[in-house]
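Student: I have a structure to go through and some questions on how its chain is built. Can we take them one at a time?

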Amino acid sequence: MMTRSKRSFKLGAVSLLLLQLQLVSAMPGAASAEAADVPLAPATIDLIRGHDWTRFSGATVAGDEVTVTGIGRAIIPWGNDLSQPTVSNPPINLRGPVLNISGDFSVSFQIASSPGKSAGLQLYGSLPVIQDEWRQEGKAVSVMLKNGKLTAAVYNGSSAVPKKAAFNYTSAGTLDVRLLVKSGKLAFYVNQAKVGEMADPGVFADGKVYFGADADVGSSFTLRSLTALAEGSASAVTVSDLGIAAVPQSADSLRALARTNAPHLSIGTAAAVIPTMTDSAYRSILGREFSILTPENDMKFQFIHPQRNVYAFAEGDSLVEFAERNGMAVHGHALVWSEANPRWLTQGNYSATELQAIMEEHVKTVVGRYKGRIKEWDVINEPLKDEKFNVNFGLRDSIWFKAMGEKFLDIALRAAHEADPDAKLYINEYGCEAEDDKADALYKLVQRLQSRGVPLHGIGFQVHEDIGKDSDGTYDPVSASEFKRTAKRFTDLGLEVRVSELDVNMHGKVTNTLRSKQAEYFKSILALTKANNRFTSYAMWGFTDRYSSLQPEGEYNVFGNGLIYDEHYAPKLPYRKINEALQSP
């Protein structure tokens, strides 16, 4: 209840203000002092209070402060090539605040970090595209602080190499840092003193600001405040929060047609967390057309387990929550693989006993995290070599095989089953659709596992295919009829089978004839899976060329051509052929 004295004081203050305005307006030559003519100061926007920082890998929230611990997440070059540097892949807050900006603006943050340790923020105008072995940088400004030096890195969205500058400051302890984006310049301030500036290549031209944070591995800093401000009357800044959306459904979508005319078959795709959370067109297609999603990268070892005792679940959690909100199942990918392993693991000089313990703990932790929520897992991904299979049973010479031999398969599958006895467990492999030595090696491997009583429920056939002709030769995909015979060998063993990563890469000059062949191939594989109740999924490795693993590595703004939507989200001929084929039982 408000006391009488406080109420009287407030009324008195209002009366005094009105009296002052009346006196001013009564002065000779004075302009009208109507409220509409009084300029309002722009409001400072708080980006911590009332916003979600709890689902941000490496962050913990206490009151109005966020503590960020460096998780050292990195993308490992293909083949774990030690001669190539890893690529830093720091977390981005994909569930928290996003600025909507017009014109000039500033972002300020107060940060307290340990002496001698790096700490800072990344402000993204457009977000990176993450692939298996590389990261296509978006537009961003990184501001890192350490030992009296502010290091700024500016990415222009067309190169992995940023423009860098370093500016000295003399303050110690808690720092007030400000980035002013104004008139084509990026100006940096520490404790109200300008320390330097750089040219702005249009980092925030799309009108968005997303936030990331990073620190040295294992060290922490506290973000005590984070605010934004419009700079000038012609500018505007608002804030919105990223959430999990329910996508409107359609009776003629792929998933709806399959539910009616092929109820045994899930229509699936690999999904990337960044566009799922931030790209409305991508999100709408994903939630409308597909009934099962596979996390494309975010559950691979290097992404979800970046340090020995550190897991990064936020990205995987978001994909699972999106699936649940939209009535989709999730196919987990990939628990044990020769690729995408962090260097703390591959260069840790662990004994065989230690590696077995690490693998078992990893499998049980990840599967246990999603017990009852993820119905099936690629426990083992690509275990076979490409060479002739008369050595080591055809198994890749991976860190796991070196430590445990073939028994690593048994140990991983048993660990997954122990963590979630109701989950279906798969081996996922490429190049096994034809009737050849590799398919035969996989078949014999499965027989051995079954003879040992190892829990195994299915095989994922990736079906990455190529068509067309270029300087390297002519490409012909494995026929659906041959694949049908191969799949039957495995279903005769009592296993489920699924098409897990279908794409059809067109080589050479892309013509209408080639496009038609591509579409007919998608249709022929669908017909195969539709006709056989032992096929559980018809799943593609992505659905839009805008976010495709067929994009040439290291090339910016160049798209693949092997999926069912183009880079502008227009459905291509393969989509129409699949849709037509699903319209009848």
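The questions below go from the whole chain to its helices and then to its empty spaces.

Tutor: The model is predicted, so local features need pLDDT of at least 70 and side-chain atom pairs count only at pLDDT 80 or more, while totals for chains, interfaces and linings use all residues. Residues are numbered from 1 along each chain as its sequence is written, and side-chain values use heavy atoms, with hydrogens and water left out.

Student: How many helices and strands does the chain have?
Tutor: Helices (H or I, at least four residues) and strands (E, at least two) are DSSP runs, numbered from the N terminus. Along the principal axes, the C-alpha atoms of the chain fill a box of roughly 100 × 60 × 55 Å. The count for the chain is 14 helices and 30 strands.

Student: What percentage of the 585 residues is buried?
Tutor: Buried means under 20% relative accessible area, exposed over 50%, and partly exposed in between, with a 1.4 Å probe and protein chains only. By that rule the buried part of the 585 residues is 53%.

Student: Of the contacts with a separation of 6 or more, what share joins residues 24 or more positions apart?
Tutor: A contact means heavy atoms within 4.5 Å. Among the contacts with a separation of 6 or more, residues 24 or more positions apart account for 73%.

Student: Is K517 buried or exposed?
Tutor: K517 is found in helix 13. Its C-alpha lies 9.2 Å from that of P574, although the two residues are 57 apart in sequence. Because its relative accessibility is 53%, K517 counts as exposed.

Student: How far apart are the end C-alpha atoms of helix 12?
Tutor: The expected span of a helix is 1.5 Å times one less than its number of residues. For the twelve residues of helix 12 (residues 480-491) this should be 16 Å, and the span in the model agrees: 16 Å.

Student: Why do the buried residues of helix 12 lie on the same side?
Tutor: The buried residues of helix 12 are A480, F483, T486, A487, F490 and T491. An α-helix has 3.6 residues a turn, so residues three or four places apart point the same way. The arc is that of the directions from the helix axis to the C-beta atoms. The buried residues are on the same side of helix 12 because they cover an arc of only 140 degrees.

Student: Which elements do these buried residues of helix 12 pack against?
Tutor: Two of the partners are helices and the others are strands. They are helix 11 (437-451), strand 26 (458-461), strand 29, helix 13 (512-531) and strand 30 (535-540).

Student: Which residues of helix 10 are buried?
Tutor: Helix 10 (residues 407-419) has 13 residues and reaches 18 Å from its first C-alpha to its last, close to the 18 Å expected. What covers its buried residues includes helix 8 (352-369), helix 9 (399-404) and strand 25 (424-429). The buried residues are F408, L409, D410, I411, A412, L413, A415, A416 and A419.

Student: How much space lies in the largest pocket?
Tutor: On a 1 Å grid over the protein atoms alone, a pocket is an open set of points with protein on both sides within 12 Å along at least five of seven lines, a cavity is a set where a 1.4 Å probe fits but cannot get out, and lining residues have an atom within 4 Å of a point. Grid points are joined across faces, edges and corners, and a volume is the space filled by probe spheres set on the points. For the largest pocket the space is about 960 Å³.

Student: Which lining residues lie nearest the centre of the largest pocket?
Tutor: Strand 27 (464-470) and strand 29 (496-507) each supply at least two residues of the lining. Ala, Val, Leu, Ile, Met, Phe, Trp, Tyr, Cys and Pro count as nonpolar, Asp, Glu, Lys and Arg as charged, and the others, Gly among them, as polar. The lining of the largest pocket has eight nonpolar, twelve polar and twelve charged residues. Of its 32 residues, those nearest the centre are W78, D132, E382, Y430 and H464.

Student: Which strand gives the largest share of the lining of the second largest pocket?
Tutor: The second largest pocket holds about 680 Å³ of space. Its lining divides into 15 nonpolar, six polar and six charged residues. The largest share, four residues, comes from strand 12.

Student: Which helix gives the largest share of the lining of the largest cavity?
Tutor: There are three cavities of 30 Å³ or more, and the largest cavity has about 240 Å³ of space. N89, I130, V273, I274 and D298 lie nearest its centre. The largest share of the lining, three residues, comes from helix 3.
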